[in-house]
Amino acid sequence: MTIQGQSLKSQKEEKRIRMIQAAYELFSEKGVYKTSIDDIAKSAGVAKGTFYLYFADKTEIWEAVVVDISNRIFTQAKKELERKSLPDMIERILFVADFIIEHFKKNLDDLKIVQRNFSWPLVLRKMNEAQDNTLLQMLEQCFCSPYLSRYTIEEAYRMMFLIVEMVGSICYTSILLEQPAPIDQMKPVLFHTIRKILI
């Protein structure tokens, strides 16, 4: 690729990032439903037509924001997990679950944007498209554990899917709605359930 081609690619990526950041700020301030594509384009300093060169509609940019938030959380969780060097797989999974919960407790805007969609399929699909292997590396480490050796890859994948979906849903209902109880009361129940799934 020529220097000019690299520069053009860099400019395109910069515009895309600007629009995602603008969408994040507007979604935090006004909510997803009250934010228009016009709002996002104006805030990002691009023409409305330019928006459609990057995203098909508001749902697509919202998905990009959700993936950006999720990727950031998984990346930070992975770094913290490496620093802790916990030997037991179940303790590692519980550490990541706790990290996700604590992140959303401190960052309510993130949770309001993500809603119930701290969702495995969406995040994994978008990370694969972006060739970001943070989540895949975490999965591989789990799948290598003796705890999961009695399961096929498909069965282990389904269990991890269930855990991520459960954590995301509990975060939304317990942190934002305090249903069926506040998150600190739900955590022991959630962690006990995760242990039962994995043992």
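**Figure 1. Helix H4 passes helix H5 in a right-handed crossing.** This first close-up comes from a predicted model. H4 covers residues 58-84 and H5 covers residues 89-106, and their axes come within 10 Å of each other. The two axes cross at roughly 135 degrees, which makes H4 oblique to H5. To find the contact on the H4 side, look for Arg72, Ile73, Phe74, Gln76, Ala77, Glu80, Leu81 and Lys84. Facing them from H5 are Arg92, Phe95, Val96, Phe99, Ile100, His103 and Phe104. Sorted by class, the residues of this contact are nine nonpolar, two polar and four charged.

**Figure 2. Helix H5 also has a partner in helix H9, and this crossing is right-handed.** H9 spans residues 153-176, and its axis comes within 10 Å of the axis of H5. Here the crossing angle is roughly 30 degrees. Angles under 35 degrees count as roughly parallel, and H5 is therefore described as roughly parallel to H9. From H5, the contact takes in Ile93, Ala97, Ile100, Ile101, Phe104 and Lys105. H9 brings Met160, Ile163, Val167, Cys171 and Ile175 to the contact. By class, 10 of the residues in this contact are nonpolar, none is polar and one is charged. If you have just come from the previous view, you will recognise Ile100 and Phe104 of H5, which also belong to the contact with H4.

**Figure 3. Lys187 is a buried lysine in helix H10.** H10 runs over residues 183-198. How buried is Lys187 in terms of relative accessible area? The value is 13%, and buried means under 20%. Once its neighbours within four places in sequence are set aside, Lys187 is in contact with Asp98, Ile101 and Glu102. One of these, Ile101, also appears on the H5 side of the contact with H9.

**Figure 4. Val114 sits in helix H6 and is buried.** H6 is made of residues 108-114. The relative accessibility of Val114 is 0%. Which residues does Val114 touch, leaving aside its neighbours within four places in sequence? They are Trp62, Val66, Ile69 and Phe104. Val114 and Ile69 are 45 residues apart in sequence, yet their C-alpha atoms are 7.9 Å apart in space. Phe104 is worth picking out again in this view, as it takes part in the contact of H5 with H4 and in that of H5 with H9.

**Figure 5. The buried residues of helix H2 line one face of the helix.** H2 comprises residues 37-44, and its buried residues are Ile37, Ile40, Ala41 and Ala44. Seen down the axis of H2, these residues fall within an arc of 95 degrees, so they line one face. Just after H2 comes Gly45, which takes a positive phi of about 75 degrees.

**Figure 6. The protein chain has 10 helices and zero strands.** This last legend places the close-ups in the whole chain. From the N terminus on, the elements run α-α-α-α-α-α-α-α-α-α. The chain has 199 residues, of which 44% count as buried. Among the contacts with a separation of 6 or more, 68% are between residues 24 or more positions apart. The pair of Val114 and Ile69, at 45 residues apart in sequence, shows how positions separated along the chain can be placed 7.9 Å apart, C-alpha to C-alpha.

How values were computed: Residues are numbered from 1 along each chain as its sequence is written. This is a predicted model: local features need pLDDT of at least 70, side-chain atom pairs count only at pLDDT 80 or more; totals for chains, interfaces and linings use all residues. Side-chain values use heavy atoms; hydrogens and water are left out. Axes are lines fitted to C-alpha atoms, for helices over the stretch in contact, and angles run from 0 to 180 degrees between N-to-C directions. Helices (H or I, at least four residues) and strands (E, at least two) are DSSP runs, numbered from the N terminus. Angles under 35 degrees count as roughly parallel, over 145 as roughly antiparallel, 65 to 115 as roughly perpendicular and the rest as oblique. A crossing is left-handed if the near helix is turned anticlockwise from the far one by less than a right angle, and right-handed if clockwise. Contact means heavy atoms within 4.5 Å. Ala, Val, Leu, Ile, Met, Phe, Trp, Tyr, Cys and Pro count as nonpolar, Asp, Glu, Lys and Arg as charged, and the others, Gly among them, as polar. Buried means under 20% relative accessible area, exposed over 50%, partly exposed in between (1.4 Å probe, protein chains only). The arc is that of the directions from the helix axis to the C-beta atoms.
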